[in-house]
Amino acid sequence: MLADLKALPRRYPVFILLAALLLAASLVTPAILSLENIITAIRQYSVVGIMALGVTFVVIAGRVDVSIGSLLSVLVVVIISLHDKVGPVMAMCAGVSIAVVVGAVNGFLVAYLRLNSLIVTLGTLTALQGVANVASAGILNQVMEPEASWFKVFGRSFFLNVPVSVWIFGVMALVSALVLGRTNFGRSVRAVGGNELASVFSSINARATIFMTFVIASLLTAVAAIVFASYAMAAPYNSGVGLEMTVLASIFLGGTSIGGGVGGIGRTVIGVAVLAFVANGMILVGMPIQAQWLISCIIIITAVLLDTYARRGTILA
Amino acid sequence: MSTRTAERAEPGRRSNAGHNIGRKVLTGALGFFGQSPAWPLLVLLIIFFMLATPNFMTWFNVSNLLTQAVIIGILAVGLTPVFISGAVDLSVGSVAGFTACLLVTIQPYIGLYPACAFALLAGLSIGLFNGLLVEIFGLNPIIVTLAIMLGVRSLTFLLFGSATISPTDDRLLDLVGTKVGPFTFDVLVFLAVALAVGLMLRSTVHGINTYAIGGSRPAAEDAGVNVTKHVVFNFALCGTLAGLVGVTLVGQLGAAAPVYGQGYELLAIIAVVLGGTKLAGGSGTVVGTLVATGALTVLQNGVNLLNVDVRYVTIIVGVVLVLTLTLDRLISGGPGSSE
């Protein structure tokens, strides 16, 4: 047990970072460690967190999906503008269907046409950004009476004093961890990311596996969009712009390897937590919002350095 | 090669000479045009817009087109060697924004041209820093340059504030607007840069080693190539050219804002990849990048001339990228297949 604990920082160096950050932050503002604030911090990052869970599958399979930020913009616009017309259930169904289609297109192009995933999703990112812009028709779509709709449950309500969005993040994380860790599909994802050729020789359907990871990433983006829409009850056309970078940052921060095969849901959750606390702490200390990016930059590079050190045993290449 | 020499040695050589030259031109042309999947795209787009809008082929619009191509073009030309050596740089848009603001901020104190030099030097330093992080510590270039992209953008806001600032010296604006023949000065700079980088890749030891490293890094190492030196040089060059883009932005727009260059890295990467350069490294040319930049610019410009809503342009660019790569993959199994 003690040996396990000792090995922990070496295996997951991001833990050290999280602990150091919390210590530093609690010295500056003790309020940061209050339970209330911790929940607030996670709540602010629940949308990013839910998206990051899905992209973790893609990254472990050795691919990358940068289209999710634009996809979120599109879905939020669709859900909000349909909410008053056809009701929240149908609006959510529409959002989920669009997400599945986009995920299937990405997955088909990457898995079956063997195109490079970064480039393909860069293309869909660009296209979806335009779609969000056109779909919002140049106005800020809003739900007319946000408090009257039960749709507010996902983003604005509390269950056992914890925001529902945090519950959703927690449940999604648990389900994702089980799928990745305890199912044949999860093992296939790791195998494909670790060595695709070997996985094919082990009679794993690599193409279907890669395809499914993209659908999962899009589906979880749909869940994130529902939380976002329910919280904001309005749809700026650019609600997801740049989120893909934050999502990737939290995944890499957790130590999931970009080469595929190595990583996990728990790591991504820790990565999201670190970024959430940084953002939250900066707000509490009164730093400008842009300073967060600089801190994120330093943290990501430090984390990657520590992670390579832990794996390689030496800091230099 | 051997068949060609054999043909030449035949008795009926004179009658074959024309045929041989024709064939040489043909293979040369095929080799030239085969460099990039963007050629058919560029030709189709030009024909389409020539038929669709009367104003497309006017001198005014062509010169306009070239000016529009400069910004993404220089970024893409700078990215090409980095891609060929098997790396990526996502920070170029942020670097352009940073150097633009730096130039305008320090220009009143140290004069215009020293400020320009300083901006280029800043770009060089950031590129060097990227390259050293990637090579010395063996980190993944996507992660490193993603972090640097965030960091540099943040520094730009923190150091220079979030307002738009204008230079007190208009000479840069005048210089960029100066016409030399049919071209404005910034277009000439762009073409000179493209020529220089193209020659560097084709005919220098550094260029050849760049291809070798991208093709197979272990093989290059075994052959005694100093991989670190060449990759870091490419990153530094890319950073410097991103700095040049910052200077050009100030020259074209007469102002600088910390949001300058946001999202440009994505457009530049699209241009490089459409131009036939593989993400995995080892192949690609500056000519391909130029053609793809041309195709993207013609697309945006033509769609504007057709009075199509600007918001549709991003959709069209995204769809064209995916479709071109798909067709390229289906027809030739070509560069789009880079894994």
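Is Thr256(A) buried or exposed? In this predicted model, Thr256(A) is buried, because 26 other C-beta atoms lie within 10 Å, where 20 or more are needed to count as buried. The residue sits in the loop of chain A that runs between α13 (243-254) and α14 (265-285). Its C-alpha atom is separated by 6.9 Å from that of Arg267(A), and the two residues are 11 apart along the chain. Arg267(A) is also one of the residues in contact with Thr256(A) once neighbours within four places in sequence are left aside. The others in that set are Thr56(A), Val59(A), Ile60(A), Ile251(A), Val262(A), Gly263(A), Gly264(A) and Thr268(A).

It helps to step back to chain A as a whole. This chain holds 15 helices and 4 strands, and its C-alpha trace spans about 60 × 55 × 35 Å along the principal axes. The radius of gyration of chain A is 20 Å, which agrees with the value near 20 Å for a compact globule of 317 residues. Of those 317 residues, 55% are buried. Contacts that reach far along the sequence are well represented: among those in chain A between residues at least 6 apart, 76% join residues at least 24 apart.

The largest nonpolar core comprises 207 residues, and those with the most contacts inside it are Ile50(A), Met51(A), Leu75(A), Leu75(B) and Ala268(B). Helix α12 (residues 206-232) of chain A gives the most to this core, supplying 16 residues. Ile50(A) offers a handy view of the packing. With neighbours within four places in sequence left aside, Ile50(A) is in contact with Ile168(A), Phe169(A) and Met172(A), as well as with Leu220(A), Val223(A), Ala224(A) and Val227(A).

Where the chains meet, 37 residues of chain A are in contact with 41 residues of chain B. On the side of chain A that touches chain B, α7 (117-135), α13 and α15 (291-312) each supply at least two residues. The helix that gives the most to this side is α7(A), with 13 residues. By character, the residues on this side of chain A divide into 26 nonpolar, 10 polar and 1 charged.

Chain B has a buried helix stretch worth a look too. In α10 (residues 205-215) of chain B, the buried residues include Asn209(B), Thr210(B), Ala212(B), Ile213(B) and Gly214(B). What covers the buried residues of α10(B) includes α4 (59-84), α9 (185-203), α11 (217-222) and α12 (227-253) of chain B.

Notes. Residues numbered from 1 in each chain as written. Chains lettered and ligands numbered in written order. Predicted model: local features only at pLDDT ≥ 70, side-chain atom pairs only at ≥ 80, totals over all residues. Core = buried A, V, L, I, M, F, W, Y, C linked by C-beta atoms within 7 Å. Buried ≥ 20, exposed ≤ 12 C-beta atoms within 10 Å, placed from the backbone. Contact = placed C-beta atoms within 7 Å. Nonpolar A, V, L, I, M, F, W, Y, C, P; charged D, E, K, R; others polar. Rg over C-alpha atoms; globule rule 2.2 N^0.38 Å.
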